[in-house]
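Walk through this structure one contact at a time. Start with charged side chains, then turn to rings, polar contacts and the surface.

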Amino acid sequence: MGARQFARLVFDGGFSERDAMETPMRGYRSHVWAEFDDGTHCRLTFFDVTRLAQTLEDERRAGRPFLIEPGLIILTEVTLANMEAAARALTSEGFFGPAT
């Protein structure tokens, strides 16, 4: 059997036109799963650089000099197209590894 292929992104609560407009402004999207052709999923979190820096600074001020998020992917801009492109590229590069 060949390597699994990226099928789609799945968003908690879906991904509406409003989400498409607001997500780039927020610079952040969590509760996203990459779904693969074998039915498996991998949780992802997307940040742009500006939001990442802001969040890391907030954590530092709170006494946590680090940030951890499941499946963290940094994008130049958090858009549906960029999230899908990143998930597709990372799958083809074997980043998500074999299905477990």
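In this predicted model, R60 and E57 share helix α2, 3 residues apart, which is about one turn of the helix. Their side chains form a salt bridge, with the closest N and O atoms 2.4 Å apart. R60 is partly exposed, at 46% relative accessible area. E57 is partly exposed too, at 28%. The pair belongs to a network of salt bridges that links E57, D58, R60 and R61.

Now look at the helix that carries this pair. Helix α2 covers residues 49–61, 13 residues in total. From its first C-alpha to its last it reaches 18 Å, close to the 18 Å expected at 1.5 Å a residue. At its start, a side-chain oxygen of D48 comes to within 3.3 Å of the backbone nitrogen of T50. Just after the helix, G63 takes a positive phi of about 90 degrees.

Back to charges. Side chains of opposite charge can pair when their charged atoms come close. The count for this model comes to 8 salt bridges. Which residues pair with E22 in helix α1? R18 is one partner, in a salt bridge of 2.7 Å from N to O. R26 is another, with the closest N and O atoms 2.8 Å apart. Helix α1 spans residues 17–26, and R18 and E22 lie 4 residues apart in it, about one turn of the helix. E22 and R26 are also 4 residues apart in helix α1, so about one helical turn separates them. Accessibility varies along this set. R18 is exposed, with a relative accessible area of 56%. E22 counts as partly exposed at 22%. R26 counts as partly exposed at 34%.

Next, the rings. A search of the whole structure finds 4 aromatic pairs. One of them joins F36 and F96: the ring centres are 5.5 Å apart and the planes meet at 55 degrees, so the pair is tilted. F36 lies in strand β2 (residues 28–36), while F96 sits in the segment after α3 (80–92), so this pair ties together parts 60 residues apart in sequence. F95 and F96 make another pair, with centres 5.3 Å apart. Their planes stand at 85 degrees, over the 60 that marks the class, so this pair is edge-to-face. Ring pairs thus link F36, F95 and F96 into a cluster.

Are the members of this cluster buried or exposed? F36 and F96 are buried. F96 has a relative accessible area of 13%, and buried means under 20%, so the label follows. F95 counts as exposed, at 58% relative accessibility.

Strand β2 also holds S30. S30 is buried, with a relative accessible area of 13%. Its side chain takes part in polar contacts with other side chains. One, of 3.1 Å, joins S30 to Y28. Another, of 2.8 Å, joins S30 to H31.

Finish at the surface. V49, L72 and I74 form a nonpolar patch there. Together they have about 240 Å² of accessible area. I74 lies in strand β4, residues 72–75. I74 is partly exposed, at 39% relative accessible area. That value is over the 30% needed to join a patch, so I74 meets this part of the rule.

Terms used
Residues numbered from 1 in each chain as written. Predicted model: local features only at pLDDT ≥ 70, side-chain atom pairs only at ≥ 80, totals over all residues. Heavy atoms only, no water. Patch = residues over 30% accessible without salt bridge, like charges linked within 9 Å, V, L, I, M, F, W, Y side chains within 5 Å. Areas by Shrake-Rupley, 256 points an atom, 1.4 Å probe, with all protein chains shown as cover. Salt bridge = Lys/Arg side-chain N within 4 Å of Asp/Glu carboxyl O. Helix = DSSP H or I, 4+ residues; strand = E, 2+ residues; numbered from the N terminus. Buried < 20%, exposed > 50% of the residue type's maximum accessible area, 1.4 Å probe, protein only. Expected span 1.5 Å × (residues − 1). Polar contact = N/O pair within 3.5 Å; in protein donor to acceptor, adjacent residues only side chain to side chain. Phe/Tyr/Trp six-rings, centres within 6.5 Å; stacked < 30°, edge-to-face > 60°.
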